[in-house]
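Trainee: Got a minute? I'd like to go through a structure with you.
Mentor: Sure, put it up.
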Amino acid sequence: MNNNEPEARLLVVDDEPNIRELLSTSLRFAGFNVVAAGNGREALAAAEEHNPDLAVLDVMLPDMDGFTVTRRLRAAGKHFPVLFLTARDDTDDKVTGLTVGGDDYVTKPFSLDEVVARIRAVLRRTRPREDDDAIIQVDDLELDDDAHEVRRGHHTIELSPTEFKLLRYLMLNPNRVLSKTQILDHVWEYDFNGDASIVESYISYLRRKVDLDPSLPALIQTKRGVGYVLRTSEKR
């Protein structure tokens, strides 16, 4: 990347003009191209027009909350990562934000350095590396990184970006029991103060989609007291 090329295109959404301007100016100074919006409706329109690489999205907006904005983005096929920005610091809100397809969470009052660091961390883990295989296959389950699609047999499975990352990690480690700590470290890159419930929630969501057909063997299995494993047919 040359010195004149932006590091990434960001969408900043906050209804408070001072915070919106502070974030936009600081992120531009850090080397990002920034588009700003003041409510959910403007955010959806800006996402359609500018196709950002990541959104910094306030949860509390005047017309619709950030969770609703994210649901609508995902329903419209927009899979860029979302970093939630909110005054609420509650585990339930974190789980809700990540469940609807968010990728990280920063609580107000925030440090600008922390926001920049989180943005770069999310971009690193969500952008495919050149040396990664685009397609991962485990039994009849196939994950396509380039198309951001998952198929089992002849059926396409719709996953949120975080579900996609979790399944990818399991598929890269078939028949290996992964602890909740390992999953937190590799999928979210930090541990939410040791709160393992987020892993349990996501494994549950993933199972409902990947192992939905009762006529097919369950791929995602629990090793009680240890963790979770994607078990191939040869190891069942």
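Mentor: We'll take the chain as a whole, then two helix contacts.
Mentor: This is a predicted model, where local features need pLDDT of at least 70, side-chain atom pairs count only at pLDDT 80 or more, and totals for chains, interfaces and linings use all residues. Residues are numbered from 1 along each chain as its sequence is written, and side-chain values use heavy atoms, with hydrogens and water left out.
Trainee: How many helices and strands does the protein chain have?
Mentor: There are 8 helices and 11 strands. These are DSSP runs numbered from the N terminus: helices are H or I with at least four residues, strands E with at least two.
Trainee: What share of the residues counts as buried?
Mentor: 48% of the 236 residues. Buried means under 20% relative accessible area, with a 1.4 Å probe and protein chains only.
Trainee: Switching topic. At what angle do helix 1 and helix 5 pack?
Mentor: About 60°, with axes 11 Å apart. The axes are lines fitted to C-alpha atoms over the stretch in contact, and angles run from 0 to 180 degrees between N-to-C directions.
Trainee: Which residues meet there?
Mentor: From helix 1, L22, L23, S26 and L27; from helix 5, L112, V115, V116 and I119. Contact means heavy atoms within 4.5 Å.
Trainee: And which residues of helix 6 meet helix 7?
Mentor: T162, K165, L166 and Y169. Their partners in helix 7 are Q182, I183, H186, V187 and W188.
Trainee: How do the axes of helix 6 and helix 7 cross?
Mentor: At roughly 120°, coming within 10 Å.

Methods:
Buried < 20%, exposed > 50% of the residue type's maximum accessible area, 1.4 Å probe, protein only.
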